[in-house]
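How are two copies of a chain related in space? Keep that question in mind as you look at the model below.

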2 protein chains.
Amino acid sequence: MEQSGDRVTLGLDEVFAIAKSVLVAAGLPERQAEPVARVITEGQRDECHSHGLFRLPGCVQTINHPRFNRAAVPVVENTTPAVTKVDAGFGYSLPALEAAMPLFVEKARTVGISVLAINNCFHFSALWPEIEMLTAKGLVAIAMTPSHSWVAPAGGSRGALGTNPIAFGWPRAGQDPYVFDFATSAIARGDISLHKMAGKPLQPGWAIDADGNPTTDAAAALDGAMLTFGGHKGSALSTMIELLAGPLIADMTSLESMDFDDGVKAAPAHGEILIAFDPAILGGGVRDNQASSERLFSAIVDQGARLPSVRRYEARARSLAHGVQIPRHLYDQVMSLPRAG
Amino acid sequence: MEQSGDRVTLGLDEVFAIAKSVLVAAGLPERQAEPVARVITEGQRDECHSHGLFRLPGCVQTINHPRFNRAAVPVVENTTPAVTKVDAGFGYSLPALEAAMPLFVEKARTVGISVLAINNCFHFSALWPEIEMLTAKGLVAIAMTPSHSWVAPAGGSRGALGTNPIAFGWPRAGQDPYVFDFATSAIARGDISLHKMAGKPLQPGWAIDADGNPTTDAAAALDGAMLTFGGHKGSALSTMIELLAGPLIADMTSLESMDFDDGVKAAPAHGEILIAFDPAILGGGVRDNQASSERLFSAIVDQGARLPSVRRYEARARSLAHGVQIPRHLYDQVMSLPRAG
């Protein structure tokens, strides 16, 4: 740890140790705390600050949710040669994901496509770390979750959909994978709160007020609803994510998850669906699929457009070389939380 | 057939007979002509005019493409317990889809998720008829294809992506399924041409000119590139569709398909990916997934928002009761094409 003015520099091992000790002190057993601490460390490493150490106080709040199960042990079900289900038992999603990952991956490599349904979990993590676990194994991957019903459908006036992220990854030989991970809401919920705190107006098209009228007032938006990105197309896509990551796998929609939260405002509890494809099986054709995808990426980059995740990979390289920098007030806030050991 | 002023009314059997006879006269054997005529009839029935009889002259042009194989017989490959591939042999995609459908459906019902890769096909059809084939069997379904590289990535200045449609379906007990089918371009390519013909300006955000600058001039847009819907998120989604429906299944990207066309401007030749999920296997939990999804649909509809495809289902009911109405000039154009039998 080094301090310089209003910044504190931490090694990645320090970030992990702090996160783990706070989670354990909050009551999480090590087997649940470690996967969560790993993802917080990865978020901080890639300068996804909203999923880094900033999240620790929220994690403590979630662990204290009356419906959170600190003793949860994930139960993996070997459903079919292409389907794996894992019941997180109302602990965090991440220990369940790690428990089911070997079977999920093995099935994709054996039959070409495989689905993993994570049920009954509390969920705070970004999806890209999970996508990268799969691209690192040479698999193409999609992940989706619902959230809480803060988002109005196109043409509507109140929340029915979640912020419903979708993430996708494509492995690239000898390079960082092509990965995106975005909310299907026009803007993240946290960004609305940040605008409110800063007294800044929202952009038009982000939100509606409690009467269903367009608003650029952040407080009115928090009482009303957010909108999806991309109008009726984004709204349809968000609905698809609700259905695939909710009812399809017999888990909660964002409406149901909001009910389940019962006003505590913890991390949402709901399911997650992941789909993995093995290009060695699906692309067993005459065409070289890496040459084909690399030509596409070149056509994008050569005209000055950026691939998603490039900023993350640049941040990662910096963090691996020099550690991470966080604001002093965040460091102080995190260090004021009870820690174990 | 009934004529009244500038409208002609046809029964659905007449639409099918006209379409089939034109396709056969153009050189398509009956086994290829019938699936194509069926989809044209369904498009006309649902008042998706761009995929109805309007498409017949374009189909004739495609059949005359030097690389179109009139003698193609689809070859179905039983790849794995979850994967089916079908080689369309550079005929139309639809006979290949119909040939592979039984195996594709059986696998989804057996292992819970199944993928169908259609390779080496000419493609003109909307995706919703294929999605409805699957929802009719109680399956949840996704379909995607690339097209030709008319669409610039977010932040770019020239075409690299296709109009790349994605379609999704969710079966509903005793009701029409929830189905959407949209291009990930901001607007359909044909609509740009219609604006040019009508001398109407485009909406901002639809297209850029050959120098990569925003334009509302349709002619400049046709020389330049279209944009995706939804900014960088739509652009990322379009890239995902390129990768899943192209290189993943060892078929062409939109860039490669444009090369393959070699300036003929026929229907694009490329692959298609379909994914089917069996909710009976994936949703084998304690939760009633129909109750959960119906609550979501009610939350959307009860606030005055529309579900996608509702206009299509209304049109279908009208067409089934009264036949379809088409403009006199379209009828005359279609009837001027050579017909068999």
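In this predicted model, a turn of 180° lays chain A on chain B. The shift along the axis is 0.0 Å, and the RMSD of the fit is 0.0 Å. The two copies are thus related as by a two-fold rotation axis. Which C-alpha of chain A is nearest the axis? That of G230(A), at 2.0 Å from it. The two copies also meet through the same surface: 100% of the contact residues of chain A recur in chain B.

Now turn to the interface as a whole. Two copies of a chain are related by a rotation about an axis and a shift along it. The size of an interface between parts is another matter, and it is often given as the accessible area lost when the parts come together. Here, chain A and chain B bury about 6,000 Å² between them. Of that area, 73% is on carbon and sulfur atoms. The contact involves 72 residues of chain A and 72 residues of chain B. Which three residues of chain A supply more of its buried area than any other three? They are K233(A), L282(A) and Q303(A). Together they account for 12% of the area that chain A buries against chain B.

One place to look at the contact between chains is a pair of helices. Helix 9 of chain A covers residues 254-261, and helix 11 of chain B covers residues 289-301. Their axes lie 9 Å apart, and the helices pack at an angle of about 100°. Angles of 65 to 115 degrees count as roughly perpendicular, so helix 9 of chain A is roughly perpendicular to helix 11 of chain B. From helix 9 of chain A come L255(A), E256(A) and D259(A). They meet S292(B), R295(B), L296(B) and A299(B) of helix 11 of chain B. By character, the residues of this helix contact divide into three nonpolar, one polar and three charged.

Next, look inside chain B. Seven of its strands form an open sheet. Their order is 3-4-5-13-6-8-9, and the pairing is mixed. Which strands are at the edges? Strand 3 (75-78) and strand 9 (175-183) of chain B are, since each pairs on one side only. From one strand to the next, the twist averages 15°.

Within this sheet, follow one pair of strands. Strand 4 (residues 83-87) and strand 5 (residues 113-122) of chain B run parallel. Five bridges join them. One partnership to find is that of V83(B), whose bridge partner in strand 5 of chain B is V115(B).

Terms used: Residues numbered from 1 in each chain as written. Chains lettered and ligands numbered in written order. Predicted model: local features only at pLDDT ≥ 70, side-chain atom pairs only at ≥ 80, totals over all residues. Heavy atoms only, no water. Least-squares fit on C-alpha atoms with pLDDT ≥ 70 in both. Contact = heavy atoms within 4.5 Å. Axes fitted to C-alpha atoms, helices over the stretch in contact; angles between N-to-C directions. Helix = DSSP H or I, 4+ residues; strand = E, 2+ residues; numbered from the N terminus. Parallel < 35°, antiparallel > 145°, perpendicular 65-115°, else oblique. Nonpolar A, V, L, I, M, F, W, Y, C, P; charged D, E, K, R; others polar. Pairing = 2+ DSSP bridges. Buried area = accessible area lost by both parts, 1.4 Å probe.
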